[in-house]
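Trainee: I have a new structure open and would like to learn how to read it. Could you take me through some of its features?

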Amino acid sequence: MNARTQVETPSVPVAADPNAYVRIANVTKRFGDFAAVEDVSLDIRRGEIFCLLGGSGSGKTTLLRMLAGFESPTSGTIYIDGEDMSAVPPYERPVNMMFQSYALFPHMSVEKNVAFGLEQEGVARGDIKRQVGEILDIVKMGSFGARKPHQLSGGQRQRVALARALVKRPKLLLLDEPLAALDKKLREHTQFELISIQQRLGVTFIVVTHDQEEAMTLGTRLGVMNHGRIAQVGSPSDIYESPANRFVADFIGSVNMFEGQVADGCDDCLRIASTELGCTVRAEPARPGTTGATVWAAIRPEKINITRRPPAGQPAAATAPENLVRGTVREIAYMGDMSIYLVQIDSGKMLRVTLPNVTRGRERPLTRDESVWLSWHGTSPVVLTE
Amino acid sequence: MRSRGLFSRCALILGLVFLYVPILSMIIFSFNNSRLVTVWDAAHSPTLKWYVALAANEQVLRAAWLSIRIALVASTGAVILGTLAGVALARFGAFRGRLLLAGMTTAPIVMPEVITGLSLLLLFVALQQLIGWPRGVGAVTIALSHITFCMAYVTVVVQSRLVGMDVSLEEAAMDLGARPGRVFFRITLPLILPAIASGWLLAFTLSWDDLVITQFVAGPGSSTLPMVIFSKVRFGVTPDINALATILVLIVATGIAGSTVWMRYQQRRRERDVLLAAAANL
Amino acid sequence: MPRIPQLSGRRVVAGIPILWLLVLFLIPFLIVFRISFSEVRLAIPPYTPLFTWHHGSPSLQLHWSSYAFLFTDSLYVSSYVYSLKVAAVSTLCCLLIGYPMAYAIARAAPASRSVLLMLIVLPFWTSFLLRVYAWIGLLKNNGVINNVLLWLGVIHHPLVLLQTDFAVYIGIVYSYLPFMILPLYANLEKHDGALLEAAADLGARPMRAFLRITLPQSLAGILAGSLLVFIPAVGEYVIPTLLGRPDQLMIGRVLSDEFFENRDWPVASAVAILVLLLLVIPIMWFQRLERRELEAK
């Protein structure tokens with residue numbers, strides 16, 4: 001799928017995705033003069049985990065609240081399972097939500113909390129008891145039914161909140177920062193559990209998060225939001241390896257970005273002359289580009305090689321080196337599994353390079369102020385036009 | 001640092017002494033035999049004779065009973081109206097009449113009582129001229145007036161509790177299929193119940209205690225306890241009032257101290273639960 | 001906020017208290033306002049009617065006589081001035097006594113804070129009238145204070161304490177002290193202790209740190225507490241009646257006497273309107289503070 005098309009022509013209604021379960025069509029939400037969500041169109045498929053990723057104020061939570069029915073769009077329409085949700089109040093939507101604060105009712109036991117939704121539907125008492133028991137078992141909280149929320153730890157509360165949102169078997173579950181309140185270790189563990197519960201129950205998840213790692217692990221697809229707009233939609237690897245624009249490239253992971261001008265093309269490449277970098281970037285495969293147009297080349301730190309000598313086949317004295325620059329190591333940060341090197345290239349710009357620490361106790365590790373060569377493969381740079 | 005801490009601590013102790021000496025002196029002299037209230041008659045004291053006299057005082061007892069009934073009605077009415085107002089102010093966002101409501105609920109708190117009392121009486125007189133109701137002033141007009149000035153306090157208490165409460169609790173209930181009315185009765189009301197209870201107590205006390213407004217809107221034969229006390233006290237000190245004061249202080253003190261102890265106990269239990277829950281997670 | 005399609009429920013919830021307060025709070029003031037422009041007459045009710053009917057349509061007749069009367073008789077002007085003075089002095093005393101108390105509570109160990117607060121609030125729950133009455137017993141010529149001082153030999157003749165300005169100040173400060181302490185405490189309790197440590201670390205002596213850090217931060221609390229004391233104190237009726245000078249009345253007493261003793265309802269109304277005019281700025285100020293406090297999330 002081509003995500004960029006969506007970004008460039010946002011006001012044209014998206015062509016119907018036959019698998020779309022949730023359709024957000026040209027939705028805008030304004031609070032006074034401030035547009036929290038601006039002209040967002042999205043299709044979310046049945047059974048997927050869709051992550052809305054963005055910083056604070058990007059509009060991701062407002063979008064989620066519109067799906068739940070707590071806010072109504074200023075313009076545009078939300079369809080769930082083909083039905084226009086505009087006039088449907090939150091208590092009649094086939095949607096449940098897991099709140100960031102979990103919002104467990106403090107005056108009710110775990111069982112009562114989970115049973116609340118079923119009671120509203122008038123489910124028979126025996127059925128309520130059975131269904132509550134089942135879902136509590138699924139989230140491994142079966143033995144905590146009589147506890148009050150304040151008697152639970154953070155992780156346990158998160159499970160109860162999940163159970164409460166799932167017990168009505170909604171077609172769509174909205175999760176607002178589901179793991180933000182958990183500590184790091186617990187978060188990783190819970191991520192995989194969420195995925196397995198989702199697959200087991202076949203519910204469509206829409207997850208709002210500011211944590212890119214969380215989004216990458218959880219999401220089958222991500223929607224990156226910026227200033228109320230969708231910046232890119234795609235699978236985690238799409239977004240990381242082929243960001244659609246500078247914002248996404250910079251927001252997801254870290255990146256080295258160089259401004260340059262399209263020099264010329266060849267059969268299998270595009271050449272970009274960058275004074276900022278001090279060398280020509282050769283990007284494969286070839287793509288159309290107007291000579292002289294300003295573009296940006298983005299290269300991920302782990303895709304840059306760092307060596308003491310120029311790599312073979314690239315003579316150091318070449319008049320026009322391609323994908324090769326000289327620099328000096330300025331900072332080294334040892335992170336355990338890898339090390340980060342900040343290298344100042346001859347043009348003065350700092351580059352970030354990461355190397356996995358594959359072996360224990362390198363023989364002659366790089367040191368500060370050492371002269372090095374940086375190089376990368378032609379497929380590594382991403383060429384961005386916006 | 002230490003010297004200033006010492007200064008403020010001394011001020012606190014002296015301030016507390018200042019707050020309690022008058023009350024203590026009333027209590028002590030309620031057991032004094034002498035009619036001269038402030039002269040301790042060591043030979044025949046302590047005595048309970050003023051308590052006996054009080055128990056036989058028809059006028060005081062009748063006034064106290066009227067005050068209790070009015071305070072019950074007024075505090076209940078004030079809680080209902082004040083809760084509605086508090087919910088509207090804290091949860092309805094911007095609506096037409098919001099500023100009006102907000103203004104009218106905070107103004108009575110600082111309004112000089114003579115003005116409130118005068119305006120309410122003039123209202124009742126005008127109403128009587130206009131629609132023939134209320135027929136004269138008395139317990140009914142007192143209760144209506146008390147509801148009005150007490151509800152302001154309840155509104156503030158309820159509103160600040162609601163503002164401090166996580167809105168997502170109510171949203172979660174709605175998300176789970178509860179209509180607004182059910183959300184209020186199943187979620188909001190139970191959670192603000194402590195605030196409503198303290199609002200009720202506050203309203204009861206204010207109504208029970210009010211003299212100035214009541215004087216305006218009371219009629220002959222509807223003297224509340226503060227009115228009786230005031231008319232007695234205005235012409236000098238009377239020992240049976242000391243006895244009455246002692247009884248009231250005793251009731252209030254046990255009530256407040258009891259509720260404080262209970263609240264602290266609850267708090268402790270809660271903290272222990274939280275600790276246990278955290279420990280279970282390790 | 002959740003959007004609810006049918007707004008009728010909300011309209012009822014907000015409508016009932018609005019209606020109640022319109023009828024029993026706002027309209028009464030309009031009536032007072034109107035009656036202040038009537039003339040007194042011997043009838044029931046004792047004022048000229050609000051509207052007179054001329055050829056089938058109501059016509060308003062405004063008389064300024066009540067207001068004119070208030071400004072010609074020096075009794076009223078001096079009562080206004082005296083009330084403002086008493087309220088101002090009492091407010092200042094409340095602040096000077098209440099601030100260190102609130103400060104000490106805010107700095108106390110968390111466990112003892114609730115007990116201390118309870119001790120501050122407890123007298124407030126007992127009858128206001130009886131607490132004022134208690135001071136009569138203390139301040140009288142043969143009252144407790146004089147007896148103790150005589151016994152100690154500090155004085156040889158009883159001091160005249162009751163029916164003085166001093167007694168009124170004592171009464172107001174005593175009754176309104178909790179209203180000063182509570183907002184101050186609420187404010188001081190929120191202060192970050194690290195700020196004072198930072199100030200000390202940067203070389204500020206405790207007094208200086210207090211003046212430069214704590215005091216400016218607690219201005220909102222000072223203002224709220226002062227307004228809560230000042231506004232009702234201006235119209236105070238019970239305290240000056242029981243403890244104060246018989247020759248210098250406060251304005252609340254003047255209003256009440258005009259109404260009950262002289263049965264001059266228009267003048268009483270005019271007095272009320274002028275008190276309100278005097279207090280309208282502090283009241284609005286208080287409301288703004290209150291709104292900000294309640295709506296700050």
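Mentor: We will go through the two chains in turn, from overall make-up down to single residues. Keep in mind that this is a predicted model.

Trainee: Let me begin with chain B. How many helices and strands are there in chain B?

Mentor: A good start is to read the elements in sequence order. Chain B has 11 helices and zero strands, so its pattern along the sequence reads α-α-α-α-α-α-α-α-α-α-α. The radius of gyration of chain B is 24 Å, while the globule rule gives 19 Å for 282 residues, so chain B is more spread out than a compact globule. Its C-alpha atoms fill a box of roughly 70 × 65 × 40 Å along the principal axes.

Trainee: What share of the residues of chain B count as buried?

Mentor: For that we look at relative accessible area, where under 20% means buried. In chain B, 57% of the 282 residues fall in that class. The chain exposes about 12,600 Å², and carbon and sulfur atoms supply 69% of that area.

Trainee: And how many positive and negative side chains does chain B have?

Mentor: Count each set, then look at where their centres lie. Chain B carries 22 positive and 12 negative side chains, with the two centres 1 Å apart.

Trainee: Now chain A. How many helices and strands does chain A have?

Mentor: The same reading gives nine helices and 20 strands for chain A. Its C-alpha trace spans about 85 × 55 × 35 Å along the principal axes. Of its 386 residues, 51% are buried. The accessible surface is about 17,500 Å², with 49% belonging to carbon and sulfur atoms. There are 44 positive and 44 negative side chains in chain A, and the centres of these sets lie 6 Å apart.

Trainee: What part of the contacts in chain A join residues at least 24 apart?

Mentor: Here we set aside pairs that are close in sequence. Among contacts in chain A between residues at least 6 apart, 66% join residues at least 24 apart.

Trainee: With strands in view, how do I read a sheet?

Mentor: Start with the general idea: in a regular strand, side chains alternate between the two faces of the sheet. Then read the strand order. One open sheet of four strands in chain A has the order β2-β1-β4-β5, with antiparallel pairing. β2 (34-45) and β5 (83-84) of chain A each have a single partner strand and stand at the edges, so one side of each is left without a neighbour in the sheet. Inside that order, β1 (residues 20-31) and β4 (residues 75-80) of chain A are antiparallel and joined by five bridges. Across this pair, Arg23(A) stands opposite Tyr79(A).

Trainee: Which strands of chain A does β16(A) pair with?

Mentor: Follow the bridges from β16 (residues 324-334) of chain A. Five of them lead to β19 (residues 371-375) of chain A, running antiparallel, and Arg326(A) faces Trp373(A) there. Seven bridges link β16(A) with β17 (residues 338-345) of chain A, again in the antiparallel sense. In this second pairing, Val329(A) has Val343(A) as its bridge partner. β16(A) and β17(A) form a hairpin with three residues between the strands, and Gly336(A) takes a positive phi near 95° in it.

Trainee: Is helix α2 of chain A mostly covered or mostly open?

Mentor: Go residue by residue. In α2 (residues 60-68) of chain A, eight of the nine residues are buried, so "mostly covered" is the reading. Among the buried ones are Lys60(A), Leu64(A) and Arg65(A). Just after the helix, Gly69(A) takes a positive phi of about 100°.

Trainee: Is Gly57(A) buried or exposed?

Mentor: Place it first: Gly57(A) lies in the loop between β3 (49-54) and α2 of chain A. Exposed means over 50%, and Gly57(A) has 59% relative accessibility, so it counts as exposed. From Gly57(A) to Asp43(A) is 14 residues in sequence and 22 Å in space, C-alpha to C-alpha.

Trainee: Last one: which residues is Gln131(A) in contact with?

Mentor: Gln131(A) sits in helix α4 (residues 125-138) of chain A and is partly exposed, at 22% relative accessible area. Leaving aside neighbours within four places in sequence, Gln131(A) contacts Leu118(A), Val123(A) and Val167(A). Lys168(A) is 37 residues away from Gln131(A) in sequence, yet their C-alpha atoms are 8.8 Å apart.

Key:
Residues are numbered from 1 along each chain as its sequence is written. Chains are lettered from A and ligands numbered from 1 in the order in which they are written. This is a predicted model: local features need pLDDT of at least 70, side-chain atom pairs count only at pLDDT 80 or more; totals for chains, interfaces and linings use all residues. Side-chain values use heavy atoms; hydrogens and water are left out. Helices (H or I, at least four residues) and strands (E, at least two) are DSSP runs, numbered from the N terminus. The radius of gyration is taken over C-alpha atoms; the globule rule is 2.2 Å times the number of residues to the power 0.38. Buried means under 20% relative accessible area, exposed over 50%, partly exposed in between (1.4 Å probe, protein chains only). Accessible areas come from the Shrake-Rupley method with a 1.4 Å probe; for residues, only the protein chains shown count as cover. Lys and Arg count as positive and Asp and Glu as negative; His and the chain ends are not counted. The place of a charge is taken as NZ of Lys, CZ of Arg, CG of Asp or CD of Glu. Two strands pair if DSSP finds at least two bridges between them. Contact means heavy atoms within 4.5 Å.
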